Structure formats: C-alpha cells, structure tokens
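Trainee: I am new to this structure and should be grateful for a close look at a single part of it. Please choose one helix and set it in its surroundings.

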Amino acid sequence: MKGVEVTVERVSRSYGDFKALNDVSVKINKGEFFSLLGPSGCGKTTLLRIIAGFDYPDTGSVAFDNKDILPLPPDKRQSNTVFQTYALFPHLTVYENIAFPLRLRRVDKQTIEAKVMEYVRLVQLEDHVYKKPSMLSGGQKQRVAIARALINEPSVLLLDEPLSALDAKLRQNLLVELDQIHDKVGITFIYVTHDQSEALSVSDRIAVMNKGKVLQIGTPYEIYEAPATRFVAQFIGESNSFPCKVLSCEPFEEEYLIRVDVPALQGEISVTDSQPQEIGANLDFTVRPEKVRISTNPPRTTAKELNTFKGVVDEPVYSGFQSKFYVKLEQAPSTQVKVFKQHTVFLEDGPDIEWKDTVYVSWTAADGYLVKDTDR
Ligand SMILES: Nc1ncnc2c1ncn2[C@@H]1O[C@H](COP(=O)(O)OP(=O)(O)OP(=O)(O)O)[C@@H](O)[C@H]1O
C-alpha cells in the first residue's frame, strides 16, 4: 500500500478567543480515502491547512508514518494540496501547468514529457494538452490541478472542497473520476467537504466535525446507520429525531428491547439497541424517513417491536424517483413524521397516497436508534 499513515493527536487552534479546532485527534490509514465532513466554519479547512503546513496548531501533534512533520515546511511534507479555486497559471498550457513542479525540480525534458503524458491520461485530458486554462471548463481545470498536484508523487493528497465551484452534474462525474484516480495512484487522500452525499459516496472513512470538534469517525455505513450523536444523525441524511426518556430495558434476541417515552409523539415506542440503556436516561430517538412504512390500512401485526401511529398526510412532495410524505399524527397534531417512499415499491404497494388521506406510519424497533444528546 502506498501513501502514509497520518496521525493528528490532540490538535487545538484558536484565533483570538475563538477555538477553530478543539482537541482534535484523527488517525488516517495508509492509502485511505478519508473525508473531513461538517458544516461551514466547523474547522475542516483549518485542520487540512495544519496537515499541509500552511497553518500551525497551538497544541498537539501531526505525524506521517509516526514521524513528526510539524517542524517541516509545506514543500518538505510529502503532501500536496488541491484547492477549490484551481490556482492554475493562466499564461501556461495544460501541459506546462502539469509539468511545472517537475521543471522546478529541474527534471530532464524526456522524463518530463513521459510523466506529463502519463498524468494527462490519468485525468483524461488527452484532447486538451495544448489549451490554456481560459479555454477549459471548470471540471477540466480542476483535473489539471489534480494532475499537477499528483505529478511529484506525494504520499498524501489534500483536497479542499475541490468540486464546490462546479455544477451538480459535473460534480458527480468528477467525484467518480476522483475515486478512480485514488484507486490508481493508491496514496492517502484527505478530502474536505460540507456535502454529506459526496463524503458518503467516495470515502473509506469519514470524520464528522462540528464547532471545532470531531464527533464521530467511521465508515459511511457506520456514520449513516449508527450515528453517535444527534448532530451526526441530523447532518447526515434526513431523519425524524425526538427527545425521549428511557422507561424500561430488557434483553431481546441478543440485544436489548428498550421502551421510551417520546413527548413529541405523545406516546411510547420500542427500540432495539446493542447497548443497555439506563432507566430514566434522557436520549434522542431517531428513525430515518426511508425506514418508515406508510399505508392506508393498519399494519397486520401488532407485535410490540412495531411502532405504529395513525395520522393524516399533511404534505406529499413528489421528487421523481421517490415521494416524501409529511404525516401529521392524530395523537400529536403538532408533530410531523417524514416518510420517503420509492416509486417502484410504492406502485406495488397499491393505490397512491394523497394529501389529506388517513394513513398509518410504522417502523420496527430495529429501524430506530437512540443517541446521546451530547451536542445541545
Ligand atoms: N485566519 C483566521 N483568522 C480568524 N479566524 C479564522 C481564520 N481562519 C479560520 N478562522 C475561523 O475559524 C473557523 C473555522 O474555519 P475553517 O475555514 O476551518 O472552517 P471550514 O469548516 O473549512 O468552513 P468552510 O466550509 O466554510 O470553509 C471559522 O469560524 C473561521 O471564521
């Protein structure tokens, strides 16, 4: 495996009284595609700049393969950065832009030519080699920047929101290409983004950040299916989240079946969890909208692992491949439960559900989860 292991330990960085990074620790594996994900201002770029050597932490350490890199200037760190704003030389061609780092190192002409063409092929710019940046699309410019950042064969590529200046469709295409480039070069990628769908689709692992802290590190599946805190549950994907209080907790099929009181639902529900929960604990209950079933007839089973609420469709929203329904509950009219229904499944399920229909929303105890409300 190429690349290096990047270890960030207990890093803090303040600007005046403001803590941009607060005791951040992250270990990024060799060759991993690792994303720093969080809302604007959470400290992602500050952390990337510290790894790159453009900024310095007040406390803490950063190591590549266990070697302290903080004393080293950016150009001695085996890392290279791709910025949001391509930062190309406008007067140079694609070829000359990509060749630039090699010319700085006085590499011989023949080697330069072979390497530039290798990287031109990697980013699929064969037809644009002699164009100037002003003749390229945004996506093509960013590919030049990626090739230029890779040509010196760094061990870590740092990407600071590289796709954010592009339109949605192009972003998606370039993201797939970036993933393929990562597979081919095999080095460590650290990717900063505020876009959760980007991070979920390409990362080996993700660190979710908020207010200068890392809240959770995990695979996309872990982050989505088992968010550690209320913030993570709400920031990644969409969710129905309500504060709740634990009423009982009993062993159930190698897990625990937990009854909780949910004031917003004016009722009690069941949740299964691999961890026991303390009676009386105040937690947050979350269920993803795609895990909630919606039907005009009551569900056939009344098992206590199934949570069912009667309500009225307050707002159906058609969005192409799926519909969203906001269901106002009969027993708690100020609460809406959000439901996503894919149309392929929906059509098999029977008649269309429309505005003002009386419906039943239900989910199993295994579909919901409890999180500690540590963000509030
Ligand atoms: N040089 C600086 N001086 C003062 N405050 C700064 C400086 N650099 C960053 N900050 C502040 O630190 C916080 C974190 O900034 P950072 O750029 O790391 O956030 P981010 O998560 O990358 O956000 P964005 O997605 O908007 O770039 C922000 O509130 C920002 O205003």
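Mentor: Helix α1 is largely enclosed by the rest of the structure, because eight of its nine residues are buried. The model is a predicted one. The buried residues of α1 are Lys-44, Thr-45, Thr-46, Leu-47, Leu-48, Ile-50, Ile-51 and Ala-52. Just beyond the end of α1, Gly-53 adopts a positive phi of about 100°.

The helix also has a part in the surroundings of the ligand. Spanning residues 44-52, α1 gives the most to the shell around the ligand, contributing three residues. Lys-44, Thr-45 and Thr-46 are among the residues around the ligand, as are Gly-38, Ser-40, Gly-41, Cys-42 and Gly-43. The shell also includes Tyr-15, Ala-20 and His-194. Sorted by class, this shell holds three nonpolar, seven polar and one charged residues.

The other helices may be described in pairs. Helix α2 (residues 94-104) packs with helix α3 (residues 109-122) at an angle of about 130°, and their axes lie 10 Å apart. That angle makes α2 oblique to α3. The two helices cross in a right-handed sense. On the α2 side, the residues that meet α3 are Tyr-95, Ile-98, Ala-99, Leu-102 and Arg-103; on the α3 side, they are Ile-112, Lys-115, Val-116, Tyr-119 and Val-120. This contact of α2 with α3 comprises eight nonpolar, no polar and two charged residues.

The second pair consists of helix α4 (residues 138-150) and helix α5 (residues 168-185), which pack at an angle of about 20° with their axes 11 Å apart. With that angle, α4 is roughly parallel to α5. The crossing of α4 past α5 is right-handed. From α4, Gly-138, Gly-139, Gln-142, Ile-146 and Leu-150 make the contact, and from α5, Leu-170, Leu-174, Ile-181 and Val-185 do so. The residues of this contact of α4 with α5 are six nonpolar, three polar and no charged.

Finally, Lys-2 offers a contrast with the buried residues of α1: Lys-2 is exposed, since 11 other C-beta atoms lie within 10 Å. Lys-2 is placed in the segment before β1 (6-15). Leaving aside residues up to four places away in sequence, Lys-2 touches Gly-31, Gly-186 and Ile-187. The C-alpha atom of Lys-2 is separated by 23 Å from that of Pro-71, which is 69 residues apart from Lys-2 along the chain.

Conventions: Residues numbered from 1 in each chain as written. Predicted model: local features only at pLDDT ≥ 70, side-chain atom pairs only at ≥ 80, totals over all residues. Near = placed C-beta within 6 Å. Helix = DSSP H or I, 4+ residues; strand = E, 2+ residues; numbered from the N terminus. Nonpolar A, V, L, I, M, F, W, Y, C, P; charged D, E, K, R; others polar. Axes fitted to C-alpha atoms, helices over the stretch in contact; angles between N-to-C directions. Parallel < 35°, antiparallel > 145°, perpendicular 65-115°, else oblique. Left-handed = near helix turned anticlockwise from the far one by under 90°. Contact = placed C-beta atoms within 7 Å. Buried ≥ 20, exposed ≤ 12 C-beta atoms within 10 Å, placed from the backbone.
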